[in-house]
Amino acid sequence: MTDSRPTRSAARRTPVSSTTSAEPDGETAIDYGVLGESVGFLLKRAQMAVFADFIATFAAADIRPAQFSVLVIVGRNPGLKQSQVSAALSIKRTNFVPLLDSLEDRGLVKRKMAATDRRSHALHVTPKGAALLKELSLLWEQHEQRIQDKLGGDGRAQLLALLTGLEGFGGGAGLDEADLVELPPPTAKPRGRRMAKPAAKSAAEPA
């Protein structure tokens, strides 16, 4: 059976527009090396570009991408537990609780005791949250239309299919955005050298 996967040499012959990029000042070009053909790196750059448009589009509503995601999931699935929503969105509990608090403080989401487990909270959008979701859906359509204008209708559909195909890859369940930022471990601060104390002078030594 013939292996249809492209070889490394074939992949390197494929021009990648992001291999080099000019700095904002227009003076220095950056050679990205293997990052120019790195799926993860290019996905991250694409995500930043998409999020920039999303944030600008939703700025008037004061809604960030993660808040919109929670509203959509809770609106479509009323009664889910907090743990279920955070798992569906790959948001750790420590980050999800303050996110949920911000929506509850605005009267968009409410917590109720879960019918099957009194130790858990079931989530529901409020009437105010449902009304806002309708407005946000119109903004979302404008945002997605700009992406489609950039990629074309077929290009957007292909991208969605490819991204869906990566779900579950790498066993990344439980990770969130904070885990993707790798910071080097703190290094011990060098201690200053202690000056050696001068030896005590003997009685025969001149002053």
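Let's start where two helices touch: Val50, Asp53, Phe54 and Thr57 in helix 2 meet Leu139, His143, Arg146 and Ile147 in helix 6. Sorted by chemistry, the residues of this contact divide into four nonpolar, two polar and two charged. Helix 2 covers residues 39–57, and its axis comes within 10 Å of the axis of helix 6, with the two crossing at roughly 145°. If you want the sense of that crossing, it is right-handed. Keep in mind as you look around that this is a predicted model.

Now step back to the whole chain. Its secondary structure comes to seven helices and four strands. Follow the sequence from start to end and you read the pattern α-β-β-α-α-α-α-β-β-α-α. The protein chain has 207 residues, and 19% of them count as buried. Its accessible surface comes to about 15,800 Å², with 58% of that belonging to carbon and sulfur atoms. And how do contacts spread along the sequence? Taking those between residues at least 6 apart, 46% join residues at least 24 apart.

Next, head for the inside. In soluble globular proteins, nonpolar side chains tend to be buried together. Here, the largest nonpolar core holds 20 residues, and the ones that touch the most other members are Ile63, Val70, Leu71, Phe96, Leu108 and Leu136. The elements giving two or more residues to this core are helix 3 (65–76), helix 5 (93–105) and helix 6 (127–151). So helix 6, which you already met at its crossing with helix 2, turns up again as one of the contributors to this core.

Valine 70 is a handy place to pause. Which residues does valine 70 contact, once its neighbours within four places in sequence are set aside? The list runs Leu89, Phe96, Leu99, Leu100 and Leu103.

Helix 4 (residues 82–88) is the next stop, and serine 86 lies in it. Is serine 86 buried or exposed? With a relative accessible area of 9%, serine 86 is buried, because the cut-off for that is under 20%. Beyond its neighbours within four places in sequence, serine 86 is in contact with Ile91 and Phe96. Glutamine 82 lies in helix 4 too, and at 11% relative accessibility glutamine 82 also counts as buried. Leaving aside neighbours within four places in sequence, glutamine 82 is in contact with Arg93, Phe96, Val97, Leu100, Arg111, His121 and Leu123. Phe96 keeps coming up: it is among the contacts of valine 70, of serine 86 and of glutamine 82.

Finally, wander out to the loops. Just past helix 4, in the loop that leads to helix 5, sits serine 90. Its phi is near 55°, a positive value in a residue other than glycine. Serine 90 is partly exposed, with a relative accessible area of 36%. Aspartate 62, in the loop between helix 2 and helix 3, also has a positive phi, of about 55°, although it is not a glycine. What does its accessibility say about aspartate 62: buried or exposed? At a relative accessible area of 51%, aspartate 62 is exposed, because that label applies over 50%.

One more loop residue rounds off the tour. Leucine 35 is placed in the loop between strand 2 (29–31) and helix 2. Leucine 35 has 34% relative accessibility and counts as partly exposed. Apart from its neighbours within four places in sequence, leucine 35 is in contact with Phe41 and Leu42.

Key
Residues numbered from 1 in each chain as written. Predicted model: local features only at pLDDT ≥ 70, side-chain atom pairs only at ≥ 80, totals over all residues. Heavy atoms only, no water. Core = buried A, V, L, I, M, F, W, Y, C linked by side-chain atoms within 4.5 Å. Buried < 20%, exposed > 50% of the residue type's maximum accessible area, 1.4 Å probe, protein only. Contact = heavy atoms within 4.5 Å. Areas by Shrake-Rupley, 256 points an atom, 1.4 Å probe, with all protein chains shown as cover. Axes fitted to C-alpha atoms, helices over the stretch in contact; angles between N-to-C directions. Left-handed = near helix turned anticlockwise from the far one by under 90°. Nonpolar A, V, L, I, M, F, W, Y, C, P; charged D, E, K, R; others polar.
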